[in-house]
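Colleague: Please put the model up, and then we can go through it piece by piece.

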Amino acid sequence: MRSIAVINQKGGVGKTTSSVNLAAALARSGRRVCVMDLDPQAHASLHLGITAIDGSVPSMYEVLCSDVSLSEARQQVGENLFVVPSNLDLAAAEMELAGEVGREMILSDKLADDEEDFDYLVLDCPPSLGVLTLNALVAVEEVFLPLQPHFLALHGLSKLLRTIEVVSRRMNNKLRLSGVVLCMYDANTRLAAEVSTDIDEFFAASKDGREFFSGAKFFDTRIRRNIRLAEAPSFGQSIFDYSSESNGAIDYQSLAEEVLAQEASHAGKHSNAQRRSAVTQNARMAA
């Protein structure tokens, strides 16, 4: 199973749009996918047709702040596609969990107890670096970073990468930045091309000595500006259900194909890690 947190502390960069539509594209390919909405704004939940959570149905808030399992909160919203929804109550989790010992590990523990088998977990994170985002980073193995091709795209990026790196070193040594995707791309502007080059060069120059994103892929797919992508959430549908012939659907299908192409490499890394672990364990036993 691949577990992916979609993160950017800057709002309005296409984070939720990418979480939902990438998940939908992967589900269309036959993979079992679960979206976890960790944003109190609940935009991913709304995007997938869950219009209201009034407390009668468990949400991510109850999962993190009470004794509710992921399976109790999870809802199926399409073929191969599931969601653990959010609501505004989740905003209180930051305060309620402030004094909780091991609060960053709650979601990881819940996932460990979850018996449902998925090919992909996609976590839509809030535009902040608080307790909810830390729970996501501790629980997953991969981070996807959506960026807008704008000169301000790099503003605050160093802090975000530093946070991911600290979590990788101290709390989750499996965590890696594995993908960067450009959203709201306008190929007709020179600015988009220039910023794309700047971002590519930034990551290339920053990889030295930073193992946590040494294998990050700058996805070839550019998610173009598309009005259909903006309209789809108001209908509670992914772009594939709302407008399957649009540029938005074409782009997210292409992105999903790139993500699927990573599977062989991802599986190989896991096999190598397991072999290294077995060798280490055997050496300890021999000693």
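Colleague: Let's begin with K10: buried, exposed or in between?

Modeller: K10 is partly exposed, at a relative accessible area of 33%, where buried means under 20% relative accessible area, exposed over 50% and partly exposed in between, with a 1.4 Å probe and protein chains only. Before going on, I should say that this is a predicted model, in which local features need pLDDT of at least 70 and side-chain atom pairs count only at pLDDT 80 or more, while totals for chains, interfaces and linings use all residues. Residues are numbered from 1 along each chain as its sequence is written, and side-chain values use heavy atoms, with hydrogens and water left out.

Colleague: Where does K10 sit, and what is it in contact with, neighbours within four places aside?

Modeller: K10 is in the loop that runs between β1 (2-6) and α1; helices (H or I, at least four residues) and strands (E, at least two) are DSSP runs, numbered from the N terminus. Apart from neighbours within four places in sequence, it is in contact, meaning heavy atoms within 4.5 Å, with P127, Q148 and L152. K10 and H155 are also 9.0 Å apart, C-alpha to C-alpha, with their positions 145 residues apart in sequence.

Colleague: And C125, buried or exposed?

Modeller: C125 counts as buried, since its relative accessibility is 0%. It belongs to the loop between β5 and α7, and outside its neighbours within four places it is in contact with A5, V6, I7, K15, L38, D39, T133 and A136. From C125 to N8 the C-alpha distance is 7.9 Å, although the two are 117 residues apart in sequence.

Colleague: Stepping back, how many helices and strands are there, and what share of the residues is buried?

Modeller: There are 13 helices and 8 strands, and 49% of the 287 residues are buried. Of the contacts between residues at least 6 apart in sequence, 80% join residues at least 24 apart. The protein exposes about 13,600 Å², with 48% of that supplied by carbon and sulfur atoms; accessible areas come from the Shrake-Rupley method with a 1.4 Å probe, and for residues only the protein chains shown count as cover.

Colleague: What about the largest nonpolar core, how many residues does it have?

Modeller: It has 53 residues, and those with the most contacts inside it are M36, M60, L64, L107, L123, L177 and F203; a nonpolar core is a set of buried Ala, Val, Leu, Ile, Met, Phe, Trp, Tyr and Cys residues joined through side-chain atoms within 4.5 Å. Helix α7 (residues 131-139) gives the largest share of this core, 7 residues. A second, separate core has 32 residues, including A44, I223, L255 and A256.

Colleague: Which residues does M36 contact, neighbours within four places aside?

Modeller: Its contacts are M60, L70, V84, L107, L111, L121, V122, L123 and D124. L107 and L111 are also among the buried residues of helix α6 (residues 106-113), together with I106, S108 and K110. The cover over the buried residues of α6 includes β2 (33-37), α3 (60-65), α4 (70-73), β5 (120-124) and α7.

Colleague: Changing topic, what lines the largest cavity?

Modeller: The lining is V6, S18, S19, L22, F144, P146, V181, F219 and L255. On a 1 Å grid over the protein atoms alone, a cavity is a set of points where a 1.4 Å probe fits but cannot get out, a pocket is an open set with protein on both sides within 12 Å along at least five of seven lines, and lining residues have an atom within 4 Å of a point. The largest share of the cavity lining, 3 residues, comes from α1, and the space inside is about 60 Å³, a volume being the space filled by probe spheres set on grid points joined across faces, edges and corners.

Colleague: And the second largest pocket, what is its volume?

Modeller: The volume is about 450 Å³. Its lining has 23 residues, with V13, G14, K15, T17 and M184 nearest the centre, and α1 gives the largest share, 4 residues.
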